[in-house]
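The paragraphs below go through one chain, from its overall form to single residues. Keep the sequence and the model side by side while reading.

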Amino acid sequence: MRIGIIGTGAIGSILAERFSQAGHHVKVTNTRAMPELEKIAASLGATAATIHDVVKDVDAIIFSMPFGAYKDLPKDLLKAVPQDVVVMDTSNYYPFRDGEIAELEQISETEYISGILNRPLVKVFNNILEHTLKYKGKTAGAEGRIAISIAGDNEEHKKVVAQLVDITGFDTVDAGSLAESWRQQPGTPAYCTELNEAELKKALADAEKGKAPAIRDFIMDDLRRKPTWPSYEEILAGNRRIQMGRNQNQ
């Protein structure tokens, strides 16, 4: 498969490396100057590309960039991309970083991004920590395999996404339509809590849309008050503890 990845941050770089190692042809781009981008791409087993070239002649495109950066993309970026190309979004919205966006009170984060890109999307890889993605994948069928939820309106595209998720070492749970993708956004039980398939299905069902933003902000305020940024273990434990306490209080 030919894959274009926009963004080489924590998630994008891991995905580029994994898919390259699996034999796929991967192109990457970011906002760095081309000489630096070429070094980054080479370290990931990928090819460096400009923002316009990274979406050309590919079977799948992964947007893995800060939520607030989407508005700065070229307006016609996907205009010539065929409709059968699978387009994925891994981003998450945090008001303290991205500013207040009133539209997100009415629609999911990825519906908002879909409107910016003028393209149907599949939401995936947003509800997993960097450490989890990098170190905790297992072969299909392995005991305790962690699951990732995916949401979108095109069933065939979601099948392709599930295959890519499997390559990275995780099961998938279908979270429904793009409008339902809020169930895996920050502040929900499915967000960065490392659940297996059965647990993730329940977490998605238990999500409460009206309460998620307040939980998201509470978690982030708590993390930002700490003198040093917490470790992966501390973040995971905190997410689980808050969601467990929430369930017990219902």
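**From the whole chain to single residues**

In this predicted model, residues 24 or more positions apart account for 69% of the contacts in the chain with a separation of 6 or more. The chain has nine helices and eight strands. Its radius of gyration is 17 Å, close to the 18 Å that the globule rule gives for 250 residues, so the chain is as compact as a globular protein of that length. The C-alpha trace spans about 50 × 40 × 40 Å along its principal axes.

Burial and surface can be read alongside these dimensions. Of the 250 residues, 50% count as buried. The exposed area of the chain is about 12100 Å², and carbon and sulfur atoms supply 51% of it. The chain carries 30 positive and 35 negative charges, and the mean positions of these two sets are 2 Å apart.

The next element to trace is the sheet. Strands of a sheet pair through backbone hydrogen bonds, and the pairing is either parallel or antiparallel. Here eight strands form an open sheet with mixed pairing, in the order β3-β2-β1-β4-β5-β6-β7-β8. The edges are held by β3 (47-48) and β8 (171-174); each has a single partner strand, so one side of each is left without a neighbour in the sheet. Within the order, β4 is followed by β5. Strand β4 covers residues 60-63 and strand β5 covers residues 86-89, and the two pair in the parallel sense over four bridges. In this pair, Ala60 stands opposite Val86 in β5.

Which strands does helix α4 pack against through its buried residues? The helix spans residues 109-117, and its buried residues are Glu109, Thr110, Tyr112, Ile113, Ser114 and Leu117. These buried residues pack against β4, β5 and β6 (122-123). The helix thus meets both strands of the parallel pair described above. An α-helix has 3.6 residues a turn, so residues three or four places apart point the same way. Just after α4, Asn118 takes a positive phi of about 55°.

That backbone angle leads to two further residues. Most residues other than glycine have a negative phi. Asp57, in the loop between β3 and β4, has a positive phi, near 55°. Cys192, in the loop between β8 and α7 (197-206), also has a positive phi, near 55°. Are these two residues buried or exposed? Asp57 has 64% relative accessibility and therefore counts as exposed, the cut-off being over 50%. Cys192 has 5% relative accessibility and therefore counts as buried, the cut-off being under 20%.

Gly99 gives a last point to locate. Its place is the loop between α3 (95-98) and α4. At 28% relative accessibility, Gly99 counts as partly exposed, because this value lies between the cut-offs of 20% and 50%. Leaving aside residues up to four places away in sequence, Gly99 touches Tyr93 and Tyr94. Gly99 and Asn30 are 69 residues apart in sequence, and their C-alpha atoms are 22 Å apart in space.

Note on methods: Residues are numbered from 1 along each chain as its sequence is written. This is a predicted model: local features need pLDDT of at least 70, side-chain atom pairs count only at pLDDT 80 or more; totals for chains, interfaces and linings use all residues. Side-chain values use heavy atoms; hydrogens and water are left out. The radius of gyration is taken over C-alpha atoms; the globule rule is 2.2 Å times the number of residues to the power 0.38. Buried means under 20% relative accessible area, exposed over 50%, partly exposed in between (1.4 Å probe, protein chains only). Contact means heavy atoms within 4.5 Å. Accessible areas come from the Shrake-Rupley method with a 1.4 Å probe; for residues, only the protein chains shown count as cover. Lys and Arg count as positive and Asp and Glu as negative; His and the chain ends are not counted. The place of a charge is taken as NZ of Lys, CZ of Arg, CG of Asp or CD of Glu. Two strands pair if DSSP finds at least two bridges between them.
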